[in-house]
Amino acid sequence: MDFAHYIGGEWVADTEITTNTSPANRDDVIGTYARGGAARVDEAVSAAKDALSGWAAASPQIRHDVLERAGALIVERKDELGRLLAREEGKTIAEATGETIRAAQVFKFFAGEALRNTGDAVASVRPGIDVMIEREPVGIVGLITPWNFPIAIPAWKLAPALAFGNTVVMKPAELTPGCAWELAKILDEAGCPAGVFNLVMGPGSKVGARIVEHEDIAAVSFTGSVATGRQVAIDCATRGKKVQLEMGGKNPMVVVDDADLDVAVGASLNGAFFSTGQRCTASSRLIVTAGIYDAFLDRLTAAAADLVVGDPLDAKTQIGPVVDQSQLDQNLGYLALAAEEGCDVRGGGLGNGNGFFMHPAIFAGASNQMRVSREEIFGPMASVIRVADYDEALAVANDTEFGLSSGICTTSLKLASHFRRHANAGMVMVNLPTAGVDYHVPFGGRKGSSYGPREQGSYAREFYTTVKTSYIAP
């Protein structure tokens, strides 16, 4: 089946296409998707510009109703959408369905936020003058989304953009356009006015670049690699655009001597290997104090070896494929590098089938200075680093250019409280995996992980609105 761009409320075909195949079975063709370039972005921006004034001025109830209906339609189709997500990205069917439900929850949350876009009324320092502080839409927003959460991340960018009266041009990842296309279809069915939301598919070098440089796009929200994100920031700053970036992570999970071993192994297993390790919040550095190190490593090794790797549509599967051949080759390169750097590499073999399968890998005996402990790998691999005590564990946890999520497993309230205050990360998890967040609270990090206002929850208002201060004399 052929899938077209969605521009100005119409489905627009293109002369070039991308064939979307499953990473679990390279013979499974999901469909052929339009592959656009700068000219399609220009058309989409023109449509968004025409629709902006009407959508910005629309009653909050109208915006609420569109988002609420979209959320309801996603729930109705959760099984169908979950299966699509599992096929095109490789998540297990349970994870894929869960991500789909999360997208629906995001739309429903921001349907409510459309009605809660409050301002302030304050007294002026000058007698007889009133001051009103209001939030207005930024304008046309460009959204550039990644392949690893192909429905949740588009949802958590798109829903607040629409809730606060902006119009949107979105470019999904070229590897996973299917879920974004289904979102366009759902918004169309939900009654989103023509031009308010526009979907342009294609390569980042053409579609993404034009979104960033287009003079009528007022703000850009990007999730992707560090190198690309930094260039997006430079290009947006040069043009005076508002920018929001979510990039990489090298997230630590600290396990101290007093930890509950079952909790620590479970949280580390989930954080490091579920979703095939392809999430920026993955626990890729497991920092373990000496007293529990050997027991933890043995238990983790055994648990990782027992994980079922295979077809993501099989309910028994716990680890699906990596997303494509390039990612698999990169992972295998890091496996070889870990051995060269002196790690005891446990696991990491290739799986069976006509897909990009690999088993989880543990880099035992790693140090925090090794490349495998400093560079984001984005695969089912984790360094296990031995430290003397909690103080060293905290120092090692913070010794990274990233600062997205940081975790600790401990039964000590004192240590948990200290870690929460001193971990240099945007999110802290205590006795929980570093991956896994709620939709109604802010998401984001520090240092090289994030730039600009937070995503999700009421904090999303900071990026998707601009402040106007009015002075009124009678």
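1. Phe 378 sits in the loop between β16 and β17, and in this predicted model its phi is near 65°, a positive value in a residue other than glycine. For context, most residues other than glycine have a negative phi. Phe 378 is nevertheless not on the surface, because its relative accessible area of 17% places it among the buried residues, for which the cut-off is under 20%.

2. A comparable backbone value occurs at Asn 431, which has a positive phi of about 60° although it is not a glycine. Asn 431 is found in the loop between β20 (427-430) and β21 (446-447). Is Asn 431 buried or partly exposed? With a relative accessibility of 31%, Asn 431 counts as partly exposed, whereas Phe 378 is buried.

3. The count of aromatic pairs comes to 10. One of them joins Phe 109 and Phe 110, whose ring centres are 5.0 Å apart and whose planes stand at 90°, so that the pair is edge-to-face. Phe 109 is buried with a relative accessible area of 17%, and Phe 110 is buried with a value of 0%. A further edge-to-face pair is formed by Trp 147 and Phe 378, with 5.5 Å from centre to centre and 85° between the planes. This pair links distant parts of the chain, since Trp 147 belongs to the loop between β8 (140-144) and α5 and Phe 378 to the loop between β16 (361-366) and β17 (381-387), 231 residues apart. Both partners, Trp 147 and Phe 378, are buried.

4. One aromatic cluster is made up of Phe 3, Tyr 6, Trp 11, Tyr 33, Trp 181 and Phe 197. Phe 197 also has a place in the largest nonpolar core, which has 68 residues, and there Phe 107, Leu 187, Phe 197 and Leu 199 touch the most other members. Helix α5 (residues 152-163) gives the most to this core, with 9 residues. A second, separate core of 29 residues includes Leu 337, Ala 361, Phe 363 and Met 370.

5. Which residues does Phe 107 touch, not counting those up to four places away in sequence? The contacts are Leu 67, Ala 70, Gly 71, Ile 74, Ala 155, Leu 158, Ala 159, Leu 183 and Leu 187. Among these, Leu 187 is itself one of the core members that touch the most others.

6. The largest pocket has a volume of about 1,000 Å³ and is lined by 44 residues, with Phe 222, Thr 223, Gly 224, Ser 225 and Thr 228 lying nearest its centre. At least two lining residues come from each of α7 (204-213), β11 (217-223), α8 (226-239) and α11 (325-340), and α8 gives the most, with 7 residues. By character, the lining of the largest pocket divides into 19 nonpolar, 14 polar and 11 charged residues.

7. The second largest pocket holds about 460 Å³ of space. Its lining has 23 residues, and those closest to its centre are Arg 102, Phe 149, Arg 279, Gly 436 and Val 437. Here α4 (93-113) and α5 each supply at least two residues, and α4 gives the most, with 4 residues. The lining of the second largest pocket divides into 9 nonpolar, 7 polar and 7 charged residues.

8. Helix α7, which also contributes to the lining of the largest pocket, has Val 207, Gly 208, Arg 210, Ile 211 and Val 212 as its buried residues. A reader checking this list may wish to note that it includes the charged residue Arg 210. The elements that cover the buried residues of α7 include α1, β8, β9 (167-171), β11 and α8.

9. Ala 56 has its place in helix α1 (residues 38-57), and its relative accessible area of 31% makes it partly exposed. Ala 56 and Ala 163 are 107 residues apart in sequence and 9.5 Å apart in space, C-alpha to C-alpha. Leaving out residues up to four places away in sequence, Ala 56 touches Arg 63, Pro 137 and Gly 165.

10. Ser 268 lies in helix α9 (residues 261-273) and counts as buried because its relative accessibility is 0%. Apart from neighbours within four places in sequence, Ser 268 is in contact with Met 253, Val 255, Leu 286, Phe 296 and Leu 300.

How values were computed
Residues are numbered from 1 along each chain as its sequence is written. This is a predicted model: local features need pLDDT of at least 70, side-chain atom pairs count only at pLDDT 80 or more; totals for chains, interfaces and linings use all residues. Side-chain values use heavy atoms; hydrogens and water are left out. A nonpolar core is a set of buried Ala, Val, Leu, Ile, Met, Phe, Trp, Tyr and Cys residues joined through side-chain atoms within 4.5 Å. Buried means under 20% relative accessible area, exposed over 50%, partly exposed in between (1.4 Å probe, protein chains only). Contact means heavy atoms within 4.5 Å. On a 1 Å grid over the protein atoms alone, a cavity is a set of points where a 1.4 Å probe fits but cannot get out, and a pocket is an open set with protein on both sides within 12 Å along at least five of seven lines; lining residues have an atom within 4 Å of a point. Grid points are joined across faces, edges and corners, and a volume is the space filled by probe spheres set on the points. Rings of Phe, Tyr and Trp (its six-membered ring) pair if their centres lie within 6.5 Å; planes under 30 degrees apart count as stacked, over 60 as edge-to-face and the rest as tilted.
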